[in-house]
Amino acid sequence: MLLYSGGEGLANILVLNGSARPRGFTAAMISAFCKGAEEGGNNVSVINLSSLKIHSCIGCLKGGKDSLHPCAIRDDMDIIFGEMKTAEVIVFATPLFFWSYSGTLKNVIDRLWALAECDRSMLIGKGRAGALLVAAGGSHPELLYEHFDYMMTRLAWKNLGHAEILHTDEQDINNIPFCESAYRLGKSIK
Ligand SMILES: Cc1cc2nc3c(=O)[nH]c(=O)nc-3n(C[C@H](O)[C@H](O)[C@H](O)COP(=O)(O)O)c2cc1C
């Protein structure tokens with residue numbers, strides 16, 4: 001079933017916030033992204049992953065037996081699985097940690113595999129689309145982009161692109177400028 005049709009109506013957008021700082025740079029990007037996306041008439045839900053209890057994947061490959069609880073581990077990941085049922089666009093929002101996703105967000109990405117254990121089509125394809133928001137203290141998010149782009153290809157999700165704020169470590173966290181690139185990315189979803 002095609003969920004995201006791009007340009008033909010409203011989308012249900014799920015933002016997975018991998019930052020623990022409620023007023024940090026990732027949060028500022030999410031807020032600009034949401035403004036753009038909501039102006040276009042989309043429905044946006046933001047999940048602050050750091051407020052949930054989500055265990056890291058234990059690699060048991062014993063999930064997929066119950067589509068209500070796809071993973072063998074029962075924890076707050078069930079909230080994400082619930083949201084994934086109707087999400088057409090998934091936005092991965094993260095601080096750049098060691099040139100990659102925050103561990104909080106990567107845990108959630110790993111755990112998504114349980115959907116494919118139920119049925120590949122619950123994760124792969126399904127007409128979904130993905131986008132990436134990155135706040136980097138320095139200036140080298142390229143490896144993360146490479147991973148994200150490859151992940152979109154392998155998941156067969158439409159890649160809606162990236163937005164970034166660089167050099168956050170040189171900026172005042174109490175005076176974060178409006179993030180135009182995140183706003184434009186949100187606005188581009190129609
Ligand atoms: C554990 C850790 C690892 C980090 N690794 C990088 C890095 O590899 N490259 C970089 O540019 N900034 C790095 N930073 C800086 C963060 O990307 C930056 O502070 C970012 O703004 C944090 O996002 P937040 O404001 O949403 O918390 C790191 C920060 C921490 C705490």
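Guide: A residue is near a molecule if one of its heavy atoms lies within 4 Å of it. This is a predicted model: local features need pLDDT of at least 70, side-chain atom pairs count only at pLDDT 80 or more, and totals for chains, interfaces and linings use all residues. Residues are numbered from 1 along each chain as its sequence is written, and side-chain values use heavy atoms, without hydrogens and water.

Visitor: How many residues surround the ligand, and which are the closest?

Guide: There are 16 around the ligand, and the closest are R21, T26, L96, G138 and T168.

Visitor: Which backbone atoms lie close to an oxygen atom of the ligand?

Guide: A polar contact is a pair of N or O atoms within 3.5 Å. A backbone N or O atom of G138 lies 2.6 Å from a ligand oxygen. For F25, the distance from a backbone N or O atom to a ligand oxygen is 2.9 Å. A polar backbone atom of A135 is 3.4 Å from an oxygen of the ligand. Taken alone, the ligand exposes 640 Å², and the protein buries 75% of that. Such areas come from the Shrake-Rupley method with a 1.4 Å probe.

Visitor: What is the sign of phi in L61 and W99?

Guide: Most residues other than glycine have a negative phi. Phi of L61 is positive, near 55°. W99 also has a positive phi, about 60°.

Visitor: Is L61 buried or exposed?

Guide: Buried means under 20% relative accessible area, exposed over 50%, and partly exposed in between (1.4 Å probe, protein chains only). L61 counts as exposed because its relative accessibility is 63%. W99 is exposed too, at 51%.

Technical notes. Polar contact = N/O pair within 3.5 Å; in protein donor to acceptor, adjacent residues only side chain to side chain.
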